[in-house]
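Please load the model in your viewer and keep the selection panel at hand. The stops below are given in the order in which they may be selected.

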Amino acid sequence: MYNELKRFEQIIFDICAMFLLLFYSYAAVISPASTQYHRGIYVIITYILVFLLYKSKTTLFRVVDYCLITISVVTISYWIFNFEVINYRTGAETQLDTIIAIAGVLVSIELARRVVGNIFVVIGIVMLAYGVYGDSMPDLISHAGASFPELCVSIFYKSDGIFGIMANVLATYILLFVLFGAFLEKCGAQKFFIDFPLAAVGHKIGGPGKVAVIASGLFGSISGSAIANVVSTGAFTIPRMKKAGFKPHIAGGIEPAASIGGMFMPPIMGAGGFIMAELTGEPYSRIMLVALFPALMYFFSVFVMVHYEAKKDGIVGEKSELSAMTIFKKEWYYTLPLVVITIFMLYGYSPGYSAILGLISCIAVSYVTKETWIGPKQFLEAARSGAESSLKIGATVGVIGIIIGVLTYSGLVLTFADIVIELAGGSLLMTILLIALASLVLGMGVPVTAAYLITAVVAVPALTHLGVNQLASHMIVYWLSQDSNITPPVCIAAFAGATIAGANMWKTAFSAFKFAKFLYLGPLLFGYVPGFSLDGTSTDIIKAFIFIMIGTWAYSYMLSGIWLKTWFGMGKNKAA
């Protein structure tokens, strides 16, 4: 997309990308910026880059793009430079304040449409309609309602709207880790993340499938996107699985099932972990520790299912030319950026500070071999790539602000927990099932991170009311928010795997759904087993871990279906 821009547009894009990297690096390491600059600069640059990159097809509408860029700059700059004044006159906004707010809200909807699609826009419009016509709604969800200008003022200027928690998390954490991921890829680490597991397990039963699981876990922990994980590692692993003997739809299903696990895997956990830290007030190091064992169990479950799937058909991979230990000795330094980030976050440094140190270590690691040197040109390319990747989630900031702003304005945030508990009859199991359904429906039109944030705001109180601790409640919602990636009918990651595998879309989707079944067991364990989220005594936690490991193996063995073949085969032999 960048290459389709005119030269002066590419220059503008590069300047904005470099400014994002340098400004937020300075803010993370040296001196934090004031709230209005910290959030406002991220939002204004994101809006400019989206309307530059996701451009209209005709010359006439390209002019409209520049008009939208101008409106974005004017409205967001107005918020930045009048931040304190507007806060002082809350409830007595001027006519200009109102016009700016309406323009800012409408531009945010168009921004999301460009990147995410029409479904997300429909959700935003429905929420605005709910905010305006709340007094006409059923009693269960009714509220006083508001005029459209009044609602826009609330969404645009208050701290739970467009410049609220999503903007803060994106600017503070996610942008820097997306940039870190771009630099990690530029320094050549991605090759190690595939070569090492290939040498370690590639020659075992179902080797190429197991390589997909391990490689997706390693790469997915820093990529922040299940779909990006499928496309990048899948381009290598899926053809190898097919060559080894996996059916195309099975190969296409294993990769997305493994790829979504990267969203749970520390140290980065996609974007959701940072939002969780912001919502719970827990240090990110605590989030990482709680997330680690469940993430490992998820990958263990997929690994076991792949093993037995391959065993049914006698699929064995090819031995690598080099041993795993040889590759590790030769390329171990590629693990340093992740080690640096993990150590500094566990020692209590901020995620942003740790991300910058990780990014610097990527540059240092790149100089080990001449082919991967990150010089000025490569530095700019990495910054550009990171900025472009950040737009996929950054473009949702406005509509998420609309959704959360309306939910807060209407009071539904406070009453939703009561509604869910009433519908579930006070049952924790039914509550989790209702949240699963809500997150699946929401995930059909919203990126999974956005689905988590929106669902968490309203669903976590229901879970905590039923006795689940706060962190486990957030983990339940976060895990369930990933299901739209692999659960039909809208399962983009599975469809991406099917495309690479050249397989039937629906057969691949249901295969991914099968291999990712621990995705639904995990939330139940968070709800019913406190030790799963490190809540309890050391003895309780150790017991929980041991029984869960055994249970995960048994769960995965049963779901693999190999026991059916064994029993059926025994029956045939007896009959003979």
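Select Asp65, which is buried at 0% relative accessibility (buried means under 20% relative accessible area, exposed over 50%, partly exposed in between, with a 1.4 Å probe and protein chains only). Asp65 forms a salt bridge with Arg62, the closest N and O atoms being 2.9 Å apart; a salt bridge is a side-chain nitrogen of Lys or Arg within 4 Å of a carboxyl oxygen of Asp or Glu. Arg62 is likewise buried, with a relative accessible area of 10%. The two residues stand three apart in helix H3 (residues 59–81), separated by about one helical turn; helices are DSSP runs (H or I, at least four residues) numbered from the N terminus.

This is a predicted model, in which local features need pLDDT of at least 70 and side-chain atom pairs count only at pLDDT 80 or more, while totals for chains, interfaces and linings use all residues. Residues are numbered from 1 along each chain as its sequence is written, and side-chain values use heavy atoms, with hydrogens and water left out.

Extend the selection to Glu9, Glu110, Arg113 and Arg114, which are linked with Arg62 and Asp65 in a network of salt bridges. The structure holds ten salt bridges.

Next, select Arg384 and Asp14, a salt-bridged pair whose closest N and O atoms are 2.9 Å apart. Arg384 lies in helix H18 (residues 376–394) and Asp14 in helix H1, so the pair ties together parts that are 370 residues apart in sequence. Both residues are buried.

Move to Asp97, whose salt bridge with Arg89 has its closest N and O atoms 2.7 Å apart. Is each partner buried or partly exposed? Asp97 is buried, with a relative accessible area of 0%, whereas Arg89 is partly exposed at 22%.

Now select Cys187 and Cys362. The structure holds zero disulfides, a disulfide being a pair of cysteine sulfur atoms within 2.5 Å. The sulfur of Cys362 is 4.6 Å from that of Cys187, the closest cysteine sulfur, which is too far for a bond. Cys187 is buried at 0% relative accessible area, and Cys362 is buried at 0% as well.

Finally, colour the chain by pLDDT, the predictor's confidence in each residue, from 0 to 100. The chain averages a pLDDT of 86, and 95% of the residues score at least 70. Over residues 570–576 pLDDT stays under 50, and the model has zero contacts for them beyond four places in sequence (contact means heavy atoms within 4.5 Å).
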